[in-house]
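Dear colleague,

I am handing over the structure below, and after it I set out what I found when going through it. Please read the notes with the coordinates open beside them.

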Amino acid sequence: MNNERKTKIPAAPTFSSSGNLLSNVAPPTELPNFVTTTASQNPPASKTPDVVPPAYAIPASQLPPVSQNIGTKPDQPSPESPEKFSPAIPLCKGEPTLPIRSPEDSLTTLSPESMPDSIPDMEMEKIGDIMPGSGLLTWMKGAVSTGGILQRVAEKAKSSVDSMITTLDPQMKEYLRSGGDMVVVVASDKEAKVSPVREAFQTVFGKATVVGYPAVSDVTAEQPVSYAAAYASAKQRIAYIRSVHGELTNNVPVLAVEGFVQETVTDRWYALDLLVLSQPSLGIELQVQSQATPVPAAAVAAAQAATPPDYTHAQTGYSVTIGSIMAANLQVPHTQWQEAATGVSRREILLLAAKSLAGSFKKLLAVSAAEE
């Protein structure tokens, strides 16, 4: 008894043709065919209905009556509904309705026969402006050469690869950025001076070859005091490099780094670095002063006391450097006393000064190239 109740399905209600407006909506039509070739007119094979398992079979007497209008396309709308109805967008009173395009109209509009026979020359010129070449490789070459998105993507990828390589092997950084047209000679073979200058010029110019040669200065004291003494010592080092290395022409810039101390006010001493770059062929000489590091007056007094009275260059400075005195008191190497005293290393100080010098030098080169 219970099984018979479960298998019975109530008959679906039927609507009269003039009852509900939805009953007059035509069944969905086939989607328009955009293929230009003539399609076969054979109707698609009817899909075989799925076979209902015997356990769930429903007697034919209990099935609802099947409408005879399913699958037929009405030629004209019903007289009760003179206007076409869209259930998604209800009609507004007083507004005219737009006709709905049939699949035949869509096919006619998009068919090759509906296209014009020829395109005007002006339109072809516009298309040529958008696509200057034919083919994907031509388009990519044009996009890269004009500085478009592909060039930025390539530069970003190269930068990422270089960063990965330099992270795994920091010594590869110098190799990757060496080369190019820029060659700079540093008048010192100390890595504490050459390394920041190399990084600064490679950052500003992209690629640069920076080498260091030993240079001596015998015109000033071991520890120059005042800007003038440091400038004289730097010029002496540059002249020494050009006299010893005859292969260096006047087109090669030479850079000297000279440290000095200066008393700005009474008992207020500071240690600084002077960077001088010279390129005689273009008549360029640049001078940049680094950030100052405070020095205790007691350290300067100790250097002055350690200098003999008959010291040859007593007028330009002391025979003992401030770095050696500060390093002995702070118990650090003489190249690290700035970092121990202030938290900023000398390499960082020289790097900022060298970047400023390299940026100014690059602008002067651009001006000289424009004047030629």
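In this predicted model, the buried residues of helix H10 (residues 322-330) are Ile322, Gly323, Ile325, Met326 and Ala327. These buried residues pack against strand S3 (223-224), S4, strand S7 (293-295), H9 and helix H11 (337-342). Just after H10, Gln331 takes a positive phi of about 60 degrees, which you may wish to look at in the display.

Of the partners of H10, helix H9 (residues 297-306) can be described in some detail, since the axes of H9 and H10 come within 9 Å and cross at roughly 120 degrees. The two helices are therefore oblique to each other, and H9 passes H10 in a right-handed crossing. On the H9 side the contact is made by Ala299, Val300, Ala302 and Ala303, which meet Ile322, Ile325 and Met326 in H10. By residue class, this contact of H9 with H10 divides into seven nonpolar, no polar and no charged residues.

A second pair of helices, H7 (191-205) and H12 (346-371), has axes that come within 8 Å and cross at roughly 40 degrees. That angle makes H7 oblique to H12, and the crossing of H7 and H12 is right-handed. The residues in contact include Pro196, Val197, Ala200, Phe201 and Val204 of H7, together with Leu350, Leu351, Ala354, Ala358, Phe361 and Leu365 of H12; charged residues also take part, among them Lys193 and Glu199 of H7 and Arg346, Arg347, Lys355 and Lys362 of H12. Taken as a whole, the residues of the contact of H7 with H12 divide into 13 nonpolar, three polar and six charged.

Next comes the nonpolar interior. The largest nonpolar core has 23 residues, and those with the most contacts inside it are Val197, Phe201, Leu255, Leu275, Leu357 and Phe361. The elements that give two or more residues to this core are strand S1 (183-186), helix H7, strand S4 (254-265), strand S5 (268-279), strand S6 (284-289) and helix H12, with H12 giving the most, seven residues. Phe361 touches Met182, Phe201, Phe205, Pro253, Leu277, Gln279, Ile284 and Leu286, when residues up to four places away in sequence are not counted. Apart from this core lies another, of 15 residues, among them Ala215, Val252, Phe260 and Leu272. As general background, nonpolar side chains in soluble globular proteins tend to be buried together.

One loop residue also deserves a note. Thr220 has its place in the loop between strand S2 (209-212) and S3, and at 6% relative accessibility Thr220 counts as buried, because the cut-off for that class is under 20%. Leaving aside residues up to four places away in sequence, Thr220 touches Ala229, Ala232, Ser233, His313 and Thr316.

Finally, some overall figures for the chain. There are twelve helices and eight strands in the protein, and of its 372 residues 24% count as buried. Among the contacts in the protein with a separation of 6 or more, 62% are accounted for by residues 24 or more positions apart.

With best regards

Definitions and conventions: Residues are numbered from 1 along each chain as its sequence is written. This is a predicted model: local features need pLDDT of at least 70, side-chain atom pairs count only at pLDDT 80 or more; totals for chains, interfaces and linings use all residues. Side-chain values use heavy atoms; hydrogens and water are left out. Axes are lines fitted to C-alpha atoms, for helices over the stretch in contact, and angles run from 0 to 180 degrees between N-to-C directions. Helices (H or I, at least four residues) and strands (E, at least two) are DSSP runs, numbered from the N terminus. Angles under 35 degrees count as roughly parallel, over 145 as roughly antiparallel, 65 to 115 as roughly perpendicular and the rest as oblique. A crossing is left-handed if the near helix is turned anticlockwise from the far one by less than a right angle, and right-handed if clockwise. Contact means heavy atoms within 4.5 Å. Ala, Val, Leu, Ile, Met, Phe, Trp, Tyr, Cys and Pro count as nonpolar, Asp, Glu, Lys and Arg as charged, and the others, Gly among them, as polar. A nonpolar core is a set of buried Ala, Val, Leu, Ile, Met, Phe, Trp, Tyr and Cys residues joined through side-chain atoms within 4.5 Å. Buried means under 20% relative accessible area, exposed over 50%, partly exposed in between (1.4 Å probe, protein chains only).
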